[in-house]
Amino acid sequence: MNSRLPWGLMNSSSTPCAPDQLHGIHQAVIQWFSRAGRDLPWREPACSPWGVLVSEIMLQQTPVVRVLPIWREWLDRWPTPADLAAASPADVVRAWGRLGYPRRALRLHAAATEIADHHDNQVPENHSELLALPGIGSYTAAAVAVFAFGQRYTVVDTNIRRVQARLFSGKALPSKTLTAAETRLADQLMPEDIAESVKWNQSVMELGALVCTARSPKCDECPVFDQCAWIAAGRPEPDYVPKGQSWHGTDRQVRGAIMAVLRHSPSPVSVDLLLTDRAGAEQLASRIENPGQQTADMLEKLWALPAPLEQRERALGGLLKDGLATRHGDEASLPS
DNA sequence: AAGCCGTGGAC
DNA sequence: TGTCCAAGGCT
C-alpha cells in the first residue's frame, strides 16, 4: 500500500491493500527469496522437525552465523529428542557454549525430555502441544508448525513485524510490544494456498533479516520498494527511541561471568572464589588449587568486574534459582 | 506489561 | 569506545 491509494483511510477490519497488489507483493517477495535466500541446513527438506526445533530455539535473539556451528554439533551429538534428554544438564549447558541466554539450553533439554517421554520421541505437529513445551512461545510454536510441518500458520517475529510496519503501515519500526493488530495484519497478508503461505512466511522473515533491516535497510535491493508505504511517506523517523539493553554493571554481566567460570571448570568451584572481587581474591590465593588455566582466566574476568559483594550474591542466587547452577556446601557447579 | 535474561559483531 | 540489536520467552 502507498499514498497513491486510499487504503489508509479504511478501518482495521478491512484488507491491508488491494487483492491484486497483495498478490504482486507475494510473487515479488517469494521470487526474491528463491534467488537471494540463504541456504541454511535447517531449511533442507531432509532436516528433521527436531532439527528445525533446535534451530528455532537457538535463533531466539542469536544471529544465524553464531548458531550454525553449534547447531551442527548438537544434531550430530543428539540426533533425536531422546538423545538430548539422556544428556546431563551440565553437558547441555556446556555444549550451548556462548550462544547466550543459557536458560534456553535448559528449556530445550526439558522440552526434549517431554517429547521423549510423552510424544513418542516425535516433535508434536499440533500448535497447542508445541506451545505447551518449555521455552516454546507463540513465535516458535508457529515457526515449527510452518517450517517443520508445512502448515498454514501465522508467523510473527521481529523481522516480519518490521517489514509489515514499513511496507504496509509506513512506519520506521513496529510498536514496542507485539499488538493484536500486527498479528491480525500478518494473518490477512498470508496467501490462502498452504504451500504459498509457507514460502511467504519464510520469505518475509528473510527479507527482514537481509534487506529490510533495523539499521541501514538496503532499500535498493528490495523487491517491493515501489509498493513500500514507508518509502512513499518519505522514510519518516521512528516515533520512539528504542530502549537499549544495558550491560556494564548489571547483574546479567555478573551472571555471564559466573557461568563462564562454571562452564570452563571441570570440577565444582568454591563459592568464596565466585563471590569475591580482585582484592578479596588476593587473600584467598592460598585456597586456589590448580583451577586450570582457562578456569583461572574466567575467574580473573569475574573478579575484575566492578560489582559489590551484594550484587555477586544476587547474581549467583539468580543462577541457582534458574537451575543454571547448583550448590553443595561451599561449592557451586553446573547442574548435574 | 514492562523488565529481565548473554553474547558478540557491526558501525 | 560506546551503542545497537539479533528467528523470544517468561514473569
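Colleague: Which kind of atom of Gln245 lies 2.7 Å from a base nitrogen of DNA strand C, and how should one read such a pair?

Modeller: A polar contact is a pair of N or O atoms within 3.5 Å. Here, a polar side-chain atom of Gln245 is the partner of the base nitrogen. Glu56 also places a polar side-chain atom 3.3 Å from a base nitrogen of DNA strand C. Gly137 instead uses a polar backbone atom, 2.8 Å from a phosphate oxygen of that strand. Two or more residues of the surface near DNA strand C come from each of α6 (103-118), α8 (138-147), α9 (158-167) and α11 (194-210), helices being DSSP runs of H or I with at least four residues, numbered from the N terminus.

This is a predicted model: local features need pLDDT of at least 70, side-chain atom pairs count only at pLDDT 80 or more, and totals for chains, interfaces and linings use all residues. Residues are numbered from 1 along each chain as its sequence is written, chains are lettered from A and ligands numbered from 1 in the order in which they are written, and side-chain values use heavy atoms, leaving out hydrogens and water.

Colleague: How many residues surround DNA strand B, and which are the closest?

Modeller: A residue is near a strand if one of its heavy atoms lies within 4 Å of it. DNA strand B has 16 such residues, with Arg66, Tyr101, Pro102, Arg103 and Arg255 the closest. Helix α13 (residues 251-264) supplies the largest share of this surface, four residues.

Colleague: Which side chains pair with base nitrogens of DNA strand B?

Modeller: Thr62 does so at 3.0 Å, and Arg252 at 3.1 Å.

Terms used: Polar contact = N/O pair within 3.5 Å; in protein donor to acceptor, adjacent residues only side chain to side chain.
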